[in-house]
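User: I'd like a close look at one part of this model: the packing of its interior. Keep it relaxed, but walk me through it residue by residue where that helps.

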Amino acid sequence: MKKLLLGCSTALLVAVSATAQTGYTPAPENLAARQRFADNRFGIFLHWGLYALLGQGEWVMNNQDIDFREYEKLAGAFYPERFDAREWVSAFREAGARYICFTTRHHDGFSMFRTAQSPYNVADATPFGRDVVKELAEECHRQGLDVHFYYSLIDWWREDAPRGRTGRGTGRAPEKEDVDAYFDFMKAQLTELLTQYGKVGAIWFDGVWDQDQNPSFDWRLGELYSLIHTLQPACLVINNHHLTPFEGEDAQTFERDLPGENTAGLSGQAVSRLPLETCQTMNGSWGYRINDRAYKSADALIRYLAGAAGRGGNLLLNIGPQPDGALPEAALERLGAIGEWLRMNGETIYGTQAGPVTPRSWGVTTRRGDRVYVHILDWPDSELFVPLKGMRVREAVAHADGSKVAFRQDDEGVVLRIGERPEVPDQIIVLTVRE
(Lines give C-alpha, C1' and ligand atoms only; values in the text may rest on other atoms or scores of the structure.)
Protein backbone atom coordinates (compact mmCIF):
# COMPACT_ATOMS: atom_id res chain seq x y z
CA MET A 1 0.00 0.00 0.00
CA LYS A 2 1.02 3.62 -0.32
CA LYS A 3 2.38 5.78 2.44
CA LEU A 4 1.06 9.31 2.76
CA LEU A 5 3.36 10.84 0.17
CA LEU A 6 2.90 13.32 -2.64
CA GLY A 7 -0.16 12.77 -4.81
CA CYS A 8 -0.10 11.90 -8.51
CA SER A 9 0.16 14.76 -10.98
CA THR A 10 -2.18 15.59 -13.82
CA ALA A 11 0.66 14.79 -16.20
CA LEU A 12 0.86 11.29 -14.79
CA LEU A 13 -2.88 10.87 -15.25
CA VAL A 14 -2.55 11.78 -18.93
CA ALA A 15 0.47 9.51 -19.45
CA VAL A 16 -1.01 6.48 -17.74
CA SER A 17 -4.46 6.89 -19.27
CA ALA A 18 -2.89 6.76 -22.71
CA THR A 19 -1.62 3.24 -22.00
CA ALA A 20 -4.89 1.83 -20.68
CA GLN A 21 -6.91 -0.84 -22.46
CA THR A 22 -8.40 1.22 -25.27
CA GLY A 23 -11.61 0.11 -26.91
CA TYR A 24 -12.44 -2.13 -23.95
CA THR A 25 -15.93 -3.61 -23.95
CA PRO A 26 -16.64 -5.69 -20.84
CA ALA A 27 -17.73 -9.25 -21.59
CA PRO A 28 -21.19 -10.30 -20.32
CA GLU A 29 -19.54 -12.44 -17.64
CA ASN A 30 -17.49 -9.42 -16.56
CA LEU A 31 -20.63 -7.32 -16.15
CA ALA A 32 -22.15 -10.11 -14.08
CA ALA A 33 -18.98 -10.24 -11.97
CA ARG A 34 -19.18 -6.48 -11.39
CA GLN A 35 -22.70 -6.90 -10.01
CA ARG A 36 -21.62 -9.80 -7.81
CA PHE A 37 -18.73 -7.70 -6.51
CA ALA A 38 -21.07 -4.81 -5.72
CA ASP A 39 -23.55 -7.12 -4.01
CA ASN A 40 -20.82 -8.67 -1.82
CA ARG A 41 -20.25 -5.40 0.05
CA PHE A 42 -17.69 -6.82 2.53
CA GLY A 43 -14.25 -8.29 1.94
CA ILE A 44 -11.07 -9.02 3.88
CA PHE A 45 -7.69 -7.65 2.80
CA LEU A 46 -4.60 -9.62 3.85
CA HIS A 47 -1.10 -8.11 3.84
CA TRP A 48 1.29 -10.95 4.59
CA GLY A 49 4.85 -11.62 3.50
CA LEU A 50 8.45 -11.74 4.72
CA TYR A 51 8.02 -8.28 6.27
CA ALA A 52 5.83 -9.84 8.98
CA LEU A 53 9.01 -11.34 10.49
CA LEU A 54 10.34 -7.87 11.28
CA GLY A 55 7.03 -6.66 12.75
CA GLN A 56 7.37 -3.17 11.32
CA GLY A 57 4.89 -3.14 8.49
CA GLU A 58 5.09 -3.92 4.79
CA TRP A 59 7.23 -0.84 4.00
CA VAL A 60 10.11 -1.78 6.33
CA MET A 61 12.51 -2.62 3.46
CA ASN A 62 12.08 0.88 2.05
CA ASN A 63 11.79 2.71 5.36
CA GLN A 64 15.03 1.30 6.74
CA ASP A 65 16.91 1.11 3.42
CA ILE A 66 17.57 -2.60 3.83
CA ASP A 67 19.89 -4.02 1.19
CA PHE A 68 18.00 -6.48 -1.01
CA ARG A 69 20.65 -9.16 -0.46
CA GLU A 70 20.19 -8.89 3.29
CA TYR A 71 16.40 -8.67 3.13
CA GLU A 72 16.15 -11.85 1.07
CA LYS A 73 17.76 -13.77 3.95
CA LEU A 74 14.44 -13.42 5.79
CA ALA A 75 13.12 -16.16 3.53
CA GLY A 76 15.32 -18.67 5.35
CA ALA A 77 13.48 -17.92 8.60
CA PHE A 78 9.93 -17.92 7.25
CA TYR A 79 8.14 -20.90 8.77
CA PRO A 80 4.61 -19.84 9.83
CA GLU A 81 3.68 -23.07 11.59
CA ARG A 82 0.27 -21.73 12.70
CA PHE A 83 -0.92 -20.84 9.21
CA ASP A 84 -4.14 -22.72 8.46
CA ALA A 85 -6.08 -21.62 5.39
CA ARG A 86 -9.22 -23.36 6.63
CA GLU A 87 -9.14 -21.49 9.95
CA TRP A 88 -8.53 -18.17 8.21
CA VAL A 89 -11.29 -18.54 5.65
CA SER A 90 -13.73 -19.93 8.22
CA ALA A 91 -13.16 -16.85 10.38
CA PHE A 92 -13.74 -14.55 7.42
CA ARG A 93 -16.89 -16.38 6.36
CA GLU A 94 -18.26 -16.28 9.92
CA ALA A 95 -17.54 -12.54 9.95
CA GLY A 96 -19.82 -12.14 6.95
CA ALA A 97 -17.10 -11.42 4.40
CA ARG A 98 -17.90 -12.45 0.85
CA TYR A 99 -14.38 -12.19 -0.62
CA ILE A 100 -10.72 -11.88 0.28
CA CYS A 101 -7.88 -9.98 -1.39
CA PHE A 102 -4.43 -11.44 -0.71
CA THR A 103 -0.99 -9.93 -1.36
CA THR A 104 0.51 -12.36 -3.86
CA ARG A 105 3.55 -10.09 -4.29
CA HIS A 106 4.10 -6.84 -2.44
CA HIS A 107 6.64 -4.07 -3.04
CA ASP A 108 9.41 -6.12 -1.39
CA GLY A 109 9.30 -8.43 -4.42
CA PHE A 110 8.72 -11.70 -2.58
CA SER A 111 6.09 -13.94 -4.18
CA MET A 112 3.72 -15.72 -1.80
CA PHE A 113 3.00 -18.38 -4.42
CA ARG A 114 5.00 -20.97 -6.34
CA THR A 115 6.25 -19.26 -9.47
CA ALA A 116 8.52 -20.46 -12.25
CA GLN A 117 9.58 -16.86 -12.89
CA SER A 118 11.83 -16.52 -9.84
CA PRO A 119 13.17 -18.76 -7.06
CA TYR A 120 12.39 -15.92 -4.64
CA ASN A 121 9.03 -17.32 -3.57
CA VAL A 122 7.42 -18.91 -0.55
CA ALA A 123 7.44 -22.45 -1.95
CA ASP A 124 11.07 -22.52 -3.11
CA ALA A 125 12.98 -20.08 -0.88
CA THR A 126 11.60 -20.85 2.58
CA PRO A 127 11.68 -23.84 4.91
CA PHE A 128 7.88 -23.59 4.94
CA GLY A 129 7.86 -24.76 1.34
CA ARG A 130 4.11 -24.41 0.75
CA ASP A 131 2.15 -22.37 -1.78
CA VAL A 132 0.17 -19.99 0.43
CA VAL A 133 -1.87 -18.59 -2.45
CA LYS A 134 -2.86 -22.09 -3.57
CA GLU A 135 -4.05 -23.10 -0.11
CA LEU A 136 -6.01 -19.87 0.39
CA ALA A 137 -7.57 -19.96 -3.07
CA GLU A 138 -8.64 -23.58 -2.72
CA GLU A 139 -10.16 -22.94 0.69
CA CYS A 140 -12.00 -19.86 -0.54
CA HIS A 141 -13.44 -21.86 -3.43
CA ARG A 142 -14.43 -24.62 -0.98
CA GLN A 143 -16.18 -22.24 1.40
CA GLY A 144 -17.79 -20.02 -1.21
CA LEU A 145 -15.72 -16.83 -0.89
CA ASP A 146 -14.42 -15.03 -3.96
CA VAL A 147 -10.65 -14.63 -4.11
CA HIS A 148 -8.89 -11.50 -5.36
CA PHE A 149 -5.14 -11.17 -5.89
CA TYR A 150 -3.22 -8.05 -4.91
CA TYR A 151 -0.24 -7.58 -7.24
CA SER A 152 2.41 -4.88 -6.86
CA LEU A 153 3.73 -3.08 -9.92
CA ILE A 154 6.74 -2.06 -7.81
CA ASP A 155 9.62 -4.35 -6.87
CA TRP A 156 12.37 -3.22 -4.47
CA TRP A 157 14.22 -6.56 -4.80
CA ARG A 158 14.51 -7.25 -8.55
CA GLU A 159 17.38 -5.42 -10.17
CA ASP A 160 15.59 -5.19 -13.52
CA ALA A 161 12.56 -3.43 -12.00
CA PRO A 162 12.04 0.24 -12.95
CA ARG A 163 13.22 2.70 -10.33
CA GLY A 164 10.55 4.97 -8.95
CA ARG A 165 10.72 7.32 -5.99
CA THR A 166 10.62 4.46 -3.46
CA GLY A 167 13.01 1.60 -2.78
CA ARG A 168 16.08 3.58 -3.81
CA GLY A 169 18.09 2.54 -0.76
CA THR A 170 17.94 -1.23 -1.27
CA GLY A 171 21.33 -1.56 -2.96
CA ARG A 172 20.24 -2.47 -6.48
CA ALA A 173 22.56 -1.51 -9.32
CA PRO A 174 20.83 1.12 -11.50
CA GLU A 175 22.59 -0.09 -14.63
CA LYS A 176 20.78 -3.45 -14.33
CA GLU A 177 17.35 -1.88 -14.77
CA ASP A 178 15.60 -3.54 -17.72
CA VAL A 179 11.99 -2.45 -18.06
CA ASP A 180 11.19 -4.82 -20.92
CA ALA A 181 12.43 -7.83 -18.96
CA TYR A 182 10.49 -6.71 -15.91
CA PHE A 183 7.22 -6.39 -17.83
CA ASP A 184 7.76 -9.83 -19.32
CA PHE A 185 8.23 -11.12 -15.76
CA MET A 186 5.03 -9.48 -14.54
CA LYS A 187 2.98 -10.78 -17.45
CA ALA A 188 4.31 -14.29 -16.89
CA GLN A 189 3.41 -14.13 -13.19
CA LEU A 190 -0.06 -12.80 -13.90
CA THR A 191 -0.55 -15.65 -16.34
CA GLU A 192 0.38 -18.11 -13.59
CA LEU A 193 -2.05 -16.51 -11.15
CA LEU A 194 -4.87 -16.61 -13.68
CA THR A 195 -4.30 -20.16 -14.92
CA GLN A 196 -3.21 -22.13 -11.85
CA TYR A 197 -5.56 -21.03 -9.05
CA GLY A 198 -9.05 -21.44 -10.44
CA LYS A 199 -11.52 -18.61 -10.77
CA VAL A 200 -10.05 -15.25 -9.75
CA GLY A 201 -12.48 -12.48 -8.84
CA ALA A 202 -10.07 -9.59 -9.38
CA ILE A 203 -6.48 -8.55 -9.90
CA TRP A 204 -5.84 -5.62 -7.55
CA PHE A 205 -2.87 -3.52 -8.71
CA ASP A 206 -0.87 -1.11 -6.59
CA GLY A 207 2.08 1.17 -7.32
CA VAL A 208 1.29 3.39 -10.31
CA TRP A 209 1.93 6.35 -8.00
CA ASP A 210 5.60 5.31 -7.61
CA GLN A 211 6.37 7.01 -10.95
CA ASP A 212 4.47 10.24 -10.26
CA GLN A 213 7.74 12.19 -10.53
CA ASN A 214 8.35 10.66 -13.96
CA PRO A 215 5.13 11.40 -15.89
CA SER A 216 6.54 10.03 -19.16
CA PHE A 217 6.92 6.53 -17.71
CA ASP A 218 4.70 3.97 -19.43
CA TRP A 219 3.20 1.35 -17.10
CA ARG A 220 1.81 -0.52 -20.12
CA LEU A 221 -1.44 -1.08 -18.31
CA GLY A 222 -3.22 -1.87 -21.56
CA GLU A 223 -1.02 -4.94 -22.01
CA LEU A 224 -1.66 -6.10 -18.45
CA TYR A 225 -5.39 -5.42 -18.55
CA SER A 226 -5.83 -7.11 -21.92
CA LEU A 227 -3.94 -10.17 -20.69
CA ILE A 228 -6.20 -10.46 -17.65
CA HIS A 229 -9.42 -10.04 -19.60
CA THR A 230 -8.23 -12.56 -22.19
CA LEU A 231 -7.30 -15.24 -19.66
CA GLN A 232 -10.36 -14.73 -17.46
CA PRO A 233 -12.95 -12.34 -18.97
CA ALA A 234 -14.92 -12.22 -15.72
CA CYS A 235 -11.87 -11.22 -13.67
CA LEU A 236 -12.14 -7.60 -12.55
CA VAL A 237 -9.27 -5.17 -12.91
CA ILE A 238 -8.90 -2.84 -9.93
CA ASN A 239 -6.02 -0.38 -9.63
CA ASN A 240 -5.13 1.56 -6.48
CA HIS A 241 -3.61 4.50 -8.36
CA HIS A 242 -5.64 7.21 -6.56
CA LEU A 243 -6.80 8.60 -9.90
CA THR A 244 -9.99 8.61 -11.95
CA PRO A 245 -10.40 5.09 -13.41
CA PHE A 246 -8.72 4.31 -16.70
CA GLU A 247 -10.30 2.43 -19.59
CA GLY A 248 -10.09 -1.29 -18.96
CA GLU A 249 -10.71 -1.06 -15.21
CA ASP A 250 -13.82 -2.70 -13.80
CA ALA A 251 -14.12 -1.20 -10.31
CA GLN A 252 -12.79 1.80 -8.43
CA THR A 253 -11.03 1.56 -5.09
CA PHE A 254 -10.32 4.24 -2.50
CA GLU A 255 -7.53 3.97 0.07
CA ARG A 256 -8.40 4.80 3.69
CA ASP A 257 -11.42 6.89 2.69
CA LEU A 258 -15.05 6.36 1.84
CA PRO A 259 -15.99 7.34 -1.73
CA GLY A 260 -16.29 11.11 -1.97
CA GLU A 261 -14.11 11.76 1.08
CA ASN A 262 -10.42 12.61 1.25
CA THR A 263 -9.41 12.71 4.90
CA ALA A 264 -6.24 10.67 4.26
CA GLY A 265 -5.13 12.75 1.27
CA LEU A 266 -5.21 9.86 -1.19
CA SER A 267 -8.73 10.09 -2.59
CA GLY A 268 -9.28 13.42 -4.27
CA GLN A 269 -10.30 11.73 -7.51
CA ALA A 270 -13.85 11.83 -8.84
CA VAL A 271 -16.22 9.01 -7.92
CA SER A 272 -16.98 6.97 -11.03
CA ARG A 273 -20.06 4.92 -11.95
CA LEU A 274 -18.06 1.69 -11.64
CA PRO A 275 -18.56 -0.56 -8.62
CA LEU A 276 -16.83 1.06 -5.64
CA GLU A 277 -14.62 -0.19 -2.82
CA THR A 278 -12.88 1.33 0.17
CA CYS A 279 -9.82 -0.39 1.64
CA GLN A 280 -9.21 0.40 5.29
CA THR A 281 -6.97 -0.90 8.07
CA MET A 282 -8.35 -2.52 11.20
CA ASN A 283 -5.63 -0.88 13.27
CA GLY A 284 -3.19 1.67 11.81
CA SER A 285 -1.07 -0.67 9.68
CA TRP A 286 -1.43 -2.87 6.63
CA GLY A 287 1.29 -5.42 7.32
CA TYR A 288 1.90 -6.80 10.82
CA ARG A 289 3.37 -4.17 13.13
CA ILE A 290 4.27 -5.50 16.54
CA ASN A 291 3.66 -2.25 18.43
CA ASP A 292 0.41 -1.24 16.70
CA ARG A 293 -2.40 -1.96 19.14
CA ALA A 294 -4.53 0.96 17.96
CA TYR A 295 -7.38 -1.21 16.72
CA LYS A 296 -10.59 0.49 15.76
CA SER A 297 -13.53 -0.66 17.85
CA ALA A 298 -15.98 -3.17 16.43
CA ASP A 299 -18.69 -0.49 16.58
CA ALA A 300 -16.53 1.92 14.56
CA LEU A 301 -15.87 -0.77 11.93
CA ILE A 302 -19.58 -1.59 11.69
CA ARG A 303 -20.38 2.08 11.18
CA TYR A 304 -17.68 2.25 8.50
CA LEU A 305 -19.17 -0.76 6.72
CA ALA A 306 -22.61 0.87 6.75
CA GLY A 307 -21.07 4.15 5.61
CA ALA A 308 -19.47 2.43 2.63
CA ALA A 309 -22.73 0.69 1.66
CA GLY A 310 -24.59 4.00 1.98
CA ARG A 311 -22.22 5.41 -0.63
CA GLY A 312 -22.70 2.44 -2.93
CA GLY A 313 -19.38 0.87 -2.01
CA ASN A 314 -17.75 -2.17 -0.46
CA LEU A 315 -15.52 -2.27 2.60
CA LEU A 316 -12.26 -4.19 2.12
CA LEU A 317 -11.08 -4.48 5.71
CA ASN A 318 -7.40 -5.25 6.24
CA ILE A 319 -5.68 -7.68 8.60
CA GLY A 320 -1.91 -8.11 8.91
CA PRO A 321 -1.36 -11.76 9.95
CA GLN A 322 1.41 -12.52 12.45
CA PRO A 323 4.75 -14.02 11.38
CA ASP A 324 3.72 -17.37 12.86
CA GLY A 325 0.70 -17.50 10.53
CA ALA A 326 -1.96 -16.76 13.13
CA LEU A 327 -4.46 -13.93 12.83
CA PRO A 328 -4.09 -11.37 15.66
CA GLU A 329 -6.51 -12.01 18.50
CA ALA A 330 -7.72 -8.40 18.42
CA ALA A 331 -8.63 -8.84 14.76
CA LEU A 332 -10.51 -12.07 15.45
CA GLU A 333 -12.51 -10.38 18.22
CA ARG A 334 -13.63 -7.65 15.85
CA LEU A 335 -14.42 -10.11 13.09
CA GLY A 336 -16.66 -11.98 15.52
CA ALA A 337 -18.57 -8.83 16.42
CA ILE A 338 -18.98 -7.79 12.77
CA GLY A 339 -20.24 -11.26 11.90
CA GLU A 340 -22.80 -11.21 14.69
CA TRP A 341 -24.05 -7.81 13.52
CA LEU A 342 -24.28 -8.90 9.88
CA ARG A 343 -26.23 -12.03 10.76
CA MET A 344 -28.93 -9.72 12.15
CA ASN A 345 -28.59 -6.82 9.73
CA GLY A 346 -27.06 -8.21 6.55
CA GLU A 347 -30.17 -7.59 4.46
CA THR A 348 -29.56 -3.84 4.92
CA ILE A 349 -26.02 -4.18 3.49
CA TYR A 350 -25.63 -7.09 1.06
CA GLY A 351 -27.10 -6.57 -2.39
CA THR A 352 -28.26 -3.04 -1.62
CA GLN A 353 -27.72 0.18 -3.51
CA ALA A 354 -26.83 3.56 -2.13
CA GLY A 355 -30.08 4.94 -0.80
CA PRO A 356 -32.03 7.92 -2.12
CA VAL A 357 -30.60 10.22 0.57
CA THR A 358 -26.98 11.29 0.19
CA PRO A 359 -24.79 10.81 3.31
CA ARG A 360 -25.74 13.12 6.16
CA SER A 361 -24.15 14.03 9.48
CA TRP A 362 -26.42 11.49 11.15
CA GLY A 363 -25.72 8.60 8.77
CA VAL A 364 -26.63 7.03 5.44
CA THR A 365 -29.37 5.17 3.60
CA THR A 366 -29.29 1.95 1.59
CA ARG A 367 -32.04 0.57 -0.60
CA ARG A 368 -33.44 -2.70 -1.88
CA GLY A 369 -36.59 -2.50 -3.99
CA ASP A 370 -39.31 -0.59 -2.14
CA ARG A 371 -37.38 -0.65 1.14
CA VAL A 372 -35.15 2.21 2.23
CA TYR A 373 -32.91 1.42 5.20
CA VAL A 374 -32.09 4.46 7.30
CA HIS A 375 -28.78 3.83 9.11
CA ILE A 376 -28.53 6.23 12.04
CA LEU A 377 -24.83 6.24 12.90
CA ASP A 378 -24.57 9.47 14.89
CA TRP A 379 -27.64 10.15 16.98
CA PRO A 380 -29.47 13.42 16.31
CA ASP A 381 -32.39 14.68 18.38
CA SER A 382 -35.42 12.58 19.22
CA GLU A 383 -36.75 13.37 15.73
CA LEU A 384 -34.96 12.83 12.44
CA PHE A 385 -35.83 14.48 9.13
CA VAL A 386 -35.13 12.27 6.10
CA PRO A 387 -35.42 14.21 2.80
CA LEU A 388 -37.36 11.76 0.63
CA LYS A 389 -38.72 14.19 -1.92
CA GLY A 390 -41.02 12.48 -4.40
CA MET A 391 -41.51 9.38 -2.22
CA ARG A 392 -44.35 8.41 0.07
CA VAL A 393 -43.64 6.33 3.14
CA ARG A 394 -46.22 3.61 3.73
CA GLU A 395 -44.62 2.17 6.86
CA ALA A 396 -41.67 2.75 9.18
CA VAL A 397 -40.37 0.04 11.51
CA ALA A 398 -37.29 -0.58 13.60
CA HIS A 399 -35.22 -3.26 11.89
CA ALA A 400 -34.12 -4.77 15.21
CA ASP A 401 -37.56 -5.88 16.39
CA GLY A 402 -40.12 -4.78 13.80
CA SER A 403 -41.74 -2.26 16.14
CA LYS A 404 -43.52 0.60 14.43
CA VAL A 405 -41.85 4.00 14.29
CA ALA A 406 -44.13 7.02 14.32
CA PHE A 407 -43.63 9.49 11.50
CA ARG A 408 -45.14 12.40 9.67
CA GLN A 409 -44.42 13.44 6.12
CA ASP A 410 -44.90 16.15 3.56
CA ASP A 411 -43.68 16.77 0.02
CA GLU A 412 -40.12 17.38 1.24
CA GLY A 413 -39.67 14.17 3.19
CA VAL A 414 -40.44 12.36 6.40
CA VAL A 415 -39.82 13.10 10.07
CA LEU A 416 -39.16 9.99 12.17
CA ARG A 417 -39.78 9.97 15.91
CA ILE A 418 -36.77 7.97 17.01
CA GLY A 419 -36.72 8.75 20.73
CA GLU A 420 -33.64 8.16 22.86
CA ARG A 421 -30.37 6.78 21.56
CA PRO A 422 -30.04 2.99 21.93
CA GLU A 423 -26.74 1.29 22.76
CA VAL A 424 -26.09 0.02 19.23
CA PRO A 425 -23.54 1.11 16.61
CA ASP A 426 -26.19 1.53 13.92
CA GLN A 427 -29.89 2.04 14.59
CA ILE A 428 -31.71 0.98 11.42
CA ILE A 429 -35.20 2.15 10.49
CA VAL A 430 -36.86 0.40 7.55
CA LEU A 431 -39.08 2.57 5.39
CA THR A 432 -41.45 0.95 2.90
CA VAL A 433 -41.89 3.52 0.13
CA ARG A 434 -43.67 4.12 -3.12
CA GLU A 435 -42.78 6.70 -5.76
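Analyst: One term before we start: a contact here means heavy atoms within 4.5 Å. Keep in mind, too, that this is a predicted model.

Let's begin with Asn121. You'll find Asn121 in the loop that runs between β2 (99-105) and α6 (132-143). Its relative accessible area is 0%, so Asn121 is buried. Setting aside neighbours within four places in sequence, Asn121 is in contact with Phe110, Ser111, Phe113, Arg114, Thr115 and Thr126. Gly201, by comparison, sits 80 residues from Asn121 in sequence and 23 Å away in space, C-alpha to C-alpha.

Gly201 turns up again around His148, a residue of strand β3 (residues 146-152). Beyond its neighbours within four places in sequence, His148 is in contact with Gly201 and Ala202, with Phe37, and with Tyr99, Ile100, Cys101 and Phe102. His148 has a relative accessible area of 2%, so it is buried. Along the chain, Tyr71 is 77 residues from His148, and their C-alpha atoms are separated by 27 Å.

Now for the nonpolar side of things. In soluble globular proteins, nonpolar side chains tend to be buried together. The largest nonpolar core in this model has 99 residues, and the members touching the most others are Phe42, Phe92, Ile203 and Phe205. Let's zoom in on Phe42. Leaving out residues up to four places away in sequence, Phe42 touches a run from Ala95 through Gly96, Ala97 and Arg98 to Tyr99, plus Leu305, Leu315, Leu317, Ile338 and Leu342. Another core, of 20 residues, lies apart from the one with Phe42, and Leu384, Val386, Ala396 and Leu416 are among its members.

Some of those Phe42 partners, including Leu305, Ile338 and Leu342, lead us to a pair of helices. From α9, Ala298, Leu301, Ile302 and Leu305 meet Arg334, Ala337, Ile338, Trp341 and Leu342 of α10. By type, the residues of this contact of α9 with α10 are eight nonpolar, no polar and one charged. As for the geometry, α9 (residues 298-309) and α10 (residues 329-345) pack with axes 9 Å apart, at an angle of about 50°. The two helices are therefore oblique to each other, and their crossing is right-handed.

Phe68 is worth a stop as well. This residue lies in helix α4 (residues 68-71) and has 8% relative accessibility, so Phe68 counts as buried. Not counting residues up to four places away in sequence, Phe68 touches Met61, Trp156, Trp157, Glu159, Thr170, Gly171 and Arg172. Asp257 is 189 residues along the chain from Phe68, with 33 Å between their C-alpha atoms.

Finally, two backbone details to check in your viewer. His242, in the loop between β5 (236-240) and β6 (252-255), has a phi near 65°, which is a positive value in a residue other than glycine. His242 has a relative accessible area of 10%, so it belongs with the buried residues. Arg220 is another non-glycine residue with a positive phi, near 55°, and it is found in the loop between β4 (202-206) and α8 (221-231).

Terms used: Residues numbered from 1 in each chain as written. Predicted model: local features only at pLDDT ≥ 70, side-chain atom pairs only at ≥ 80, totals over all residues. Heavy atoms only, no water. Core = buried A, V, L, I, M, F, W, Y, C linked by side-chain atoms within 4.5 Å. Buried < 20%, exposed > 50% of the residue type's maximum accessible area, 1.4 Å probe, protein only. Axes fitted to C-alpha atoms, helices over the stretch in contact; angles between N-to-C directions. Helix = DSSP H or I, 4+ residues; strand = E, 2+ residues; numbered from the N terminus. Parallel < 35°, antiparallel > 145°, perpendicular 65-115°, else oblique. Left-handed = near helix turned anticlockwise from the far one by under 90°. Nonpolar A, V, L, I, M, F, W, Y, C, P; charged D, E, K, R; others polar.
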